[in-house]
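Let's take a walk through this one together, starting with the overall layout and then working through a sheet, the cysteines and a pocket. Keep the viewer open so you can click along.

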Amino acid sequence: MLANDLSPSEYHINTASDNKRYALISMHIISKQVPNWTWATFEHKDNIGRCDFIGCHDRFGAVVPDVRPHEAPGTKYDPCVKTPALKKLFADNGLPALWENYCLKGSQTDFVTATGLPVHLGNSVTEAGFDDTSSCMTCHSRAAVNANGRGTTSAGFLSPPNPAVCPGGQDRLCSPNGAPLPEWFWNNPGQPNQSLLALQTDFIWSIPRGAIGP
């Protein structure tokens with residue numbers, strides 16, 4: 001967002017080529033060290049509605065590891081005070097104190113919990129409007145190319161499921177969550193005449209978006 005009068009002691013601020021100052025208010029960090037990757041999303045402590053819907057969960061460095069969503073969405077949450085151990089880690093690596101203002105909203109390493117419930121992870125900025133249904137892994141699992149080697153949509157990923165399954169019906173945005181469905185990638189999945197419909201390209205949308213056809 002435009003920095004305007006925001007304090008550089010509170011936000012990480014960069015000046016773009018248009019000479020406008022922009023403040024960082026959210027970010028995703030992704031690591032490919034495990035098969036289904038590690039997904040983490042961060043928001044500035046002052047983001048309105050930061051922990052709405054799915055709460056905020058930080059068992060790595062927050063004094064309060066779990067924050068329940070407020071009954072009324074769109075309100076401000078308490079700052080995510082860091083533990084002494086995390087503050088020392090920041091200091092040892094030369095990170096200025098302003099980075100303590102960025103809160104880990106949650107992380108994800110699997111599609112579902114041990115009891116089969118979908119794991120939700122979404123950011124109130126980058127997934128605004130559907131962060132209550134968002135799952136980083138499920139959404140990115142739809143990165144795929146068709147038989148012609150091109151993305152199955154102009155965006156480079158499989159079309160989402162029927163919007164009618166979204167909470168609230170068809171008049172709102174939603175994101176698929178939970179384990180990917182075989183029918184996204186296969187014709188007649190599990191049957192003798194099973195055939196490939198779309199080839200998954202890991203979790204990388206940019207591969208099908210940049211693919212060159214015949």
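One thing to keep in mind from the start: this is a predicted model. The protein chain holds three helices and eleven strands. Reading from the N terminus, the elements go β-β-β-β-β-β-α-β-α-β-β-β-β-α. The chain has 214 residues, and 35% of them are buried.

Now find the open sheet of three strands, whose order is 3-4-7 with antiparallel pairing. Strand 3 and strand 7 (102-108) are the edge strands, each pairing on one side only. Going from one strand to the next, the twist averages 20°. As a reminder, the strands of a sheet pair through backbone hydrogen bonds, in either a parallel or an antiparallel way.

Take the pairing of strand 3 with strand 4 to begin with. These two run antiparallel and share six bridges. If you want a spot to click on, serine 26 stands opposite glutamate 43 in strand 4. Strand 3 and strand 4 also make a hairpin, with six residues between the strands. Stop at tryptophan 37 in that hairpin, because its backbone takes a positive phi near 65°.Next comes the other side of strand 4. Strand 4 and strand 7 pair in the antiparallel sense, again over six bridges. Two of the contacts are handy for orientation: tryptophan 39 has glutamine 108 in strand 7 as its bridge partner, and alanine 40 has serine 107 in strand 7. How well covered is strand 7? Mostly covered, with six of its seven residues buried.

Strand 7 also brings us to the cysteines. How many disulfides does a search of the whole structure find? It finds two. A disulfide is a covalent bond between the sulfur atoms of two cysteines. One of them joins cysteine 51 and cysteine 56, with the sulfur atoms 2.0 Å apart. The angle about the S-S bond is -105°, and the link of cysteine 51 and cysteine 56 is left-handed. Both cysteine 51 and cysteine 56 are buried.

The other disulfide ties cysteine 80 to cysteine 103, at 1.9 Å from S to S. This link is left-handed too, with -80° about the S-S bond. The pair links distant parts of the chain: cysteine 80 sits in the loop between strand 6 (66-67) and helix 1 (84-92), cysteine 103 is in strand 7, and the two are 23 residues apart. Are these cysteines buried or exposed? Cysteine 80 has a relative accessible area of 15%, so it counts as buried. Cysteine 103 is buried as well, with a relative accessible area of 1%.

Not every cysteine you'll come across is bonded. Cysteine 136 is in no disulfide, and the nearest cysteine sulfur, that of cysteine 139, is 8.2 Å away. Why is there no bond between cysteine 139 and cysteine 136? The sulfur of cysteine 139 has its closest cysteine sulfur in cysteine 136, but at 8.2 Å that is too far for a bond. For a sense of scale, the cut-off for a disulfide is a pair of sulfur atoms within 2.5 Å. Cysteine 136 counts as buried at 8% relative accessibility, and cysteine 139 is buried with a relative accessible area of 13%.

Cysteine 139 is a good stepping stone to the largest pocket. That pocket has a volume of about 290 Å³. Its lining takes in 20 residues, and Glu127, Phe130, Cys139, Ser175 and Trp205 are those that lie nearest its centre. Which elements supply at least two residues each of the lining? Among them are strand 3 (26-31) and strand 4 (38-44), which we met in the sheet, along with helix 2 (136-140). As for the chemistry of the lining, the residues divide into 13 nonpolar, five polar and two charged.

One last stop is helix 1, where you'll find leucine 89. With a relative accessible area of 39%, leucine 89 is partly exposed; the buried label needs a value under 20%, and exposed one over 50%. Leucine 89 and glycine 61 are 28 residues apart in sequence, and their C-alpha atoms are 9.8 Å apart in space.

To retrace the route, go back to strand 7. Strand 7 is an edge strand of the open sheet, pairs with strand 4 over six bridges, and holds cysteine 103, which is bonded to cysteine 80.

Technical notes: Residues numbered from 1 in each chain as written. Predicted model: local features only at pLDDT ≥ 70, side-chain atom pairs only at ≥ 80, totals over all residues. Heavy atoms only, no water. 1 Å grid on protein atoms, 1.4 Å probe; cavity = no way out; pocket = protein on both sides within 12 Å on 5 of 7 lines; lining within 4 Å. Points joined across faces, edges and corners; volume = space filled by probe spheres on them. Helix = DSSP H or I, 4+ residues; strand = E, 2+ residues; numbered from the N terminus. Nonpolar A, V, L, I, M, F, W, Y, C, P; charged D, E, K, R; others polar. Pairing = 2+ DSSP bridges. Axes fitted to C-alpha atoms, helices over the stretch in contact; angles between N-to-C directions. Buried < 20%, exposed > 50% of the residue type's maximum accessible area, 1.4 Å probe, protein only.
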